Amino acid sequence: MSPMKSETRSYSLQRRLLSMMAFGFAVLLLIISFLLWNYARGAANRTYDLLLAGAALSVLERVSPGANGPSVDLPSSAMEILALAPDDRVVYRVFSPDTGVITGTSDLPFPADIPLQATPVFFDAAYGDPFRFVVQGRQMNSPQGRLWVVVQIGQTLDARRAQQMSFFLNGMTGLAGISLIGLGFVWLAIRRALSPLRRIEADLRARAPGDLTPFEGAPPREISGLLEAINSFIARLDRNLRLTEGFIADVAHQTRTSLSALQGHLSLAADSSDLAKMQGRLTRAERQAERTVRLTNQLLANAMVIHRSDRATLKPVALKPVVRDTLAEMLRDSRMRKIVVTFDADHVADGEDMLIADALSVREALRNLIDNAVRHGPPDNKIDIALDVEDDALVLKVEDAGPGIAEADRARATERFSSIKQDTAGSGLGLAIVQAVADGHGAKMRLATSRNGGLAVTIAFPRLVRRTVAPLVWVAALLLGLSGTGTADAQTITVFSATDTPAMAPVIAEFEALNPSIKIVYEEYQTVSLHEAMLAGATPDVVISSAMDLQVDLVNRGIARRLDIAESADLPDWATWRSELFGFTFEPAVIVYNRAAFDTGRLPKEHRELANFIRDNETVLSQRIGIYDLRGSGIGYLFATQDAVQGLQAQRTTEVLGRTGVRTFCCTSEMIAATAAGEISIAINVIGSYAMSLAAQDPRLGVHFLSDYNLVMARSAFVPKAAEHAAAAERFVRFLLSEEGQRAIATRSQLIPIRSVDDVDTWTLSQLRAQAGSFLPIRFGPGLLTYLDALKKENFLEGWEASVRPPR
Amino acid sequence: MRILLIEDNEELAETIVDRLRAEGHSVDREGDGNEANELLRHTRFDIILLDVNLPGKNGYDILRSLRARGDLTPVLILTARSQIDDRVVGLDAGADDYLVKPFDFRELLARCRVLARRRSGTASNVFVAGALSFDRAAKRAIVTGKDIDLRAREVQLLEILIDNLGRMLTKEEVADKLYSFDESPSLNAVEQIVTRLRRKLQETPLVIKTARGLGYMAYVADEE
């Protein structure tokens with residue numbers, strides 16, 4: 001009986017059941033998550049579609065019939081509604097199927113199957129990035145007759161996706177919690193179900209070593225088979241134990257009997273007085289001694305073979321040399337001289353005869369087979385030994401020309417102590433040893449009749465088949481890590497900037513000092529021409545501008561690269577958009593005046609009072625007030641439109657300014673210079689950074705803040721997607737936002753840093769601190785797009801020009 | 001013949017000594033390994049029967065120092081261990097044959113005779129077995145007083161077989177010994193030479209046994 005082998009790794013039933021259940025739960029979760037994902041998308045869409053619908057409605061409301069067809073005055077509320085999804089880009093257009101596009105982006109996708117109707121229709125379409133669109137129409141009367149005016153607004157999906165993910169994660173968290181609780185119950189149930197197994201284990205442990213009685217009791221149906229198997233195993237163990245006991249008894253019996261016979265013959269010989277009789281007794285005693293020797297030898301061989309099959313002594317062995325050496329050795333025996341021995345291994349090539357074996361045991365088996373043949377066969381016996389390969393087996397065949405074994409006796413022949421023929425009887429162990437060796441090697445032993453009428457014994461060993469293993473080719477990723485380090489070479493990045501070169505130069509110098517490998521080419525633009533250049537397809541590495549609305553327009557077109565800049569977390573909320581556009585300065589709009597012209601105390605306190613102040617001093621201020629030319633100055637237009645958003649007094653102020661013959665300037669510097677020189681007395685809505693740095697040095701200049709609100713804009717930077725040196729460009733933008741960059745801005749340039757910088761205090765900063773609370777920053781986002789609407793802008797500028805430059 | 005038996009078991013030693021003396025041999029017996037080793041330094045024997053487990057020096061050590069001294073006296077190992085590993089060690093150490101205890105005395109005598117003949121065949125110039133007498137120096141074989149005509153290869157083969165009496169030689173081994181390095185040995189030619197030599201030695205007790213697939217073994221058929 002072979003011992004139980006535990007080659008396969010043990011596993012826990014409980015863990016297996018639990019992992020199966022966990023797998024089931026996981027599959028369920030997967031299905032539910034799929035459904036939940038779709039549901040979350042629907043829910044997120046419903047939520048944000050309301051924004052689109054609201055915006056569309058507010059635009060439609062402002063559509064009016066005009067002489068040249070319908071017109072629209074884009075309401076800022078529309079963009080503000082859309083900005084509730086703060087990071088999403090916005091596209092829109094207002095058009096009439098009959099007269100064409102009225103305003104907005106003309107090439108928006110419009111599927112043919114969308115009906116023209118007065119209720120909103122939503123659809124998804126790609127416009128560069130995926131967009132969600134709303135389409136809503138309205139019929140109106142016009143000189144051309146009744147026609148449709150349609151508003152189409154699209155929004156990118158960032159907010160929807162975030163909302164969908166949030167819905168989804170919330171739902172999944174709950175479900176995962178419930179699944180864990182469910183698994184907990186499963187675990188309890190498994191433990192309870194497996195308790196009978198533990199009882200059996202306890203019973204087995206508690207048993208006395210000799211207790212081989214079967215298990216009693218009524219097990220659950222599922223393990224009754226197992227219990228039966230254990231019981232039958234116990235029964236077999238019991239039987240085997242009895243067999244072993246029987247074997248020992250047999251061995252004792254055989255040895256003692258054999259020795260008794262020997263002793264008997266010898267003592268008879270010793271007592272015999274007749275010399276001839278004594279001779280006979282002695283001859284028989286000698287034969288008996290021979291049998292005893294053989295019995296002992298074979299008992300030892302049997303014990304050795306069984307002992308060696310218990311220990312794992314098997315290793316790869318070539319069988320051919322083992323057989324050949326054994327035969328050559330046995331042939332030295334003088335008993336073998338008359339016996340013809342042949343060995344045929346011609347059909348086995350070298351290397352084909354490998355098997356996992358114990359050479360010593362195989363040798364012993366072969367010896368016993370040959371010995372049997374010699375013992376039972378005639379003196380001129382013919383013994384043919386053959387080795388052959390049959391499929392996956394290596395077959396050793398020993399045939400003799402002896403008497404053979406009758407078919408009926410063959411099954412019994414391999415049992416211990418069962419000599420078939422009494423006259424030539426050996427120990428009765430020979431074939432039993434061979435059988436034990438075959439069993440120990442997983443080989444099949446078969447007895448048959450040989451070609452010469454004798455016994456043919458075949459042992460089919462399982463062959464050790466060597467399979468050629470295709471060599472594994474390992475591909476080493478040798479170039480790993482080389483790609484990211486090639487930036488050591490000097491790089492030149494191009495910055496297109498609408499900022500005075502003297503203001504930026506010290507900041508750039510500081511950056512180049514810190515990053516010697518990067519050189520910056522700085523090209524100065526006006527805000528509007530920079531915007532136009534970008535629309536025309538320019539590809540600088542960094543774009544900087546003070547015109548917040550134009551920057552938002554560029555980013556809203558999807559041309560900016562998303563940057564992962566840790567410093568941006570320190571920026572105020574209003575100063576960044578979509579992780580693509582970053583404000584890096586803090587620049588209030590201020591009133592600059594000539595100190596000689598006014599007492600500080602006479603200046604107006606609030607925007608409301610500004611119009612009255614101008615009207616009251618109309619004669620003194622005639623031709624002596626400066627403002628930006630809104631057509632040429634982006635920043636001027638930005639401040640003016642933001643003032644208009646704040647209330648109606650802006651309109652009044654513009655009208656009053658027009659009556660005083662206000663002068664318009666293209667640029668901040670000229671306007672301040674004129675103020676300082678006394679050409680004008682006061683300049684309104686001037687960029688505070690320049691004004692304050694000049695005022696700090698020029699005693700003629702005063703800077704005035706209003707107490708109700710002061711608009712604040714931020715100079716902003718972004719890196720275009722098409723930038724050639726994106727990594728270096730990102731480093732520059734990061735520098736602008738960093739501690740060092742902000743310090744450089746505070747101390748070396750006229751600009752004002754957006755972050756507070758430790759240990760740095762300038763006159764400008766102290767002035768600003770005094771006004772804290774009155775600042776109204778302009779927020780980056782779709783809200784800035786309202787006044788960029790072509791129609792709206794034209795209407796605004798026309799209105800402004802009509803006020804400021806009345807026809808003479 | 002002068003035989004040395006090195007065996008520590010008194011009973012066994014006595015039976016072996018008696019048996020060998022009954023055959024007419026002169027037998028010395030030594031029971032201690034060290035003493036046996038000393039004895040072998042000064043005295044020559046025709047055959048040494050050597051037990052493995054001995055007090056003092058064990059059998060293999062004795063054998064090794066014997067061979068180290070260049071002494072080529074045939075040694076037959078007597079061992080109680082049936083494990084093949086021991087036998088291999090014994091033969092590798094320079095033993096000529098071995099027997100596992102308990103052995104049949106007739107087998108012991110037969111093996112002794114083989115060893116003695118093998119030794120006489122190599123040590124002296126004339127090998128005699130019954131009617132056959134072979135003179136190595138003169139390369140002449142005489143059967144019952146008459147010269148038999150042997151070709152050069154047959155003489156060589158006869159020499160090889162006498163040197164390896166009682167040992168199985170594969171056909172390849174025979175070919176290697178029979179032919180020089182640059183002659184290409186043909187196994188068929190070996191077979192033919194063996195067949196011819198066997199026919200010529202038919203009348204003599206020298207038997208060339210062929211075991212197909214294993215090789216050739218020469219032995220002297222026992223007189224009785």
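So, chain A: we have 23 helices and 27 strands in there. Keep in mind that this is a predicted model. Chain A runs to 808 residues, and 35% of them count as buried. If you take the contacts in chain A with a separation of 6 or more, 73% come from residues 24 or more positions apart.

Okay, on to the cores. The largest nonpolar core has 128 residues. Which residues have the most contacts inside it? Those are Val542(A), Ala691(A), Phe732(A) and Val733(A). In terms of elements, helix H1 of chain A, residues 13-61, gives the most to this core, with 10 residues. Let me stay on Val733(A) for a second. Leaving out residues up to four places away in sequence, Val733(A) touches Val542(A), Leu563(A), Ile565(A), Phe582(A), Ala717(A) and Val719(A). For background, nonpolar side chains tend to be buried together in soluble globular proteins.

There's another core, apart from that one, with 100 residues. Among them are Val305(A), Met330(A) and Val374(A), and also Ile47(B), from chain B.

Which brings me to where the two chains meet. On the chain A side, 17 residues are in contact, and on the chain B side, 15. Which elements of chain A give two or more residues to that side? They are helix H6 (275-310), helix H7 (319-330), strand E9 (340-344) and helix H8 (359-376). Strand E9(A) gives the most, with four residues. Sort the chain A side by class and you get nine nonpolar, two polar and six charged residues.

Let me go through a few individual spots in chain A, starting with helix H6, where Leu295(A) sits. Leu295(A) has 21 other C-beta atoms within 10 Å, and the cut-off for buried is 20 or more, so this residue counts as buried. Its C-alpha is 9.4 Å from that of Val251(A), and those two are 44 residues apart along the chain.

Now Ser260(A), which is in helix H5 of chain A, residues 221-271. Buried or exposed, then, for Ser260(A)? Exposed: Ser260(A) has 11 C-beta neighbours inside 10 Å, and 12 or fewer puts a residue in that class. From Ser260(A) to Gln288(A), C-alpha to C-alpha, the separation is 9.7 Å, with their positions 28 residues apart along the chain.

And back in helix H1 we have Ser19(A). With 14 other C-beta atoms within 10 Å, Ser19(A) comes out as partly exposed. Ser19(A) and Leu183(A) are 164 residues apart in sequence, yet their C-alpha atoms are 9.4 Å apart in space.

Next, some backbone oddities. Two residues in chain A that aren't glycine have a positive phi: Asp391(A), near 55°, and Arg578(A), near 60°. Where do they sit? Asp391(A) is in the loop between strand E11 (382-390) and strand E12 (393-399). Arg578(A) is in the loop between strand E18 (576-577) and strand E19 (581-583). As for their surroundings, Asp391(A) is exposed, with 9 other C-beta atoms within 10 Å, whereas Arg578(A) has 20 C-beta neighbours inside 10 Å and counts as buried.

Over in chain B, there's a cis peptide bond to look at. Lys101(B) and Pro102(B) are the pair that it joins, and omega is about -10°. You'll find Pro102(B) in the loop between strand E5 (97-100) and helix H5 (105-123) of chain B.

Last stop, a helix pair, also in chain B. The axes of helix H6, residues 152-163, and helix H7, residues 171-178, come within 10 Å and cross at roughly 120°. That angle makes H6(B) oblique to H7(B). The crossing of H6(B) past H7(B) is right-handed. So who meets whom there? From H6(B) we have Arg153(B), Gln156(B), Leu157(B) and Ile160(B), and they meet Val174(B), Lys177(B) and Leu178(B) from H7(B). By class, that contact has four nonpolar, one polar and two charged residues.

Technical notes: Residues are numbered from 1 along each chain as its sequence is written. Chains are lettered from A and ligands numbered from 1 in the order in which they are written. This is a predicted model: local features need pLDDT of at least 70, side-chain atom pairs count only at pLDDT 80 or more; totals for chains, interfaces and linings use all residues. Axes are lines fitted to C-alpha atoms, for helices over the stretch in contact, and angles run from 0 to 180 degrees between N-to-C directions. Angles under 35 degrees count as roughly parallel, over 145 as roughly antiparallel, 65 to 115 as roughly perpendicular and the rest as oblique. A crossing is left-handed if the near helix is turned anticlockwise from the far one by less than a right angle, and right-handed if clockwise. Two residues are in contact if their C-beta atoms, placed from the backbone, lie within 7 Å. Ala, Val, Leu, Ile, Met, Phe, Trp, Tyr, Cys and Pro count as nonpolar, Asp, Glu, Lys and Arg as charged, and the others, Gly among them, as polar. A nonpolar core is a set of buried Ala, Val, Leu, Ile, Met, Phe, Trp, Tyr and Cys residues joined through C-beta atoms within 7 Å.
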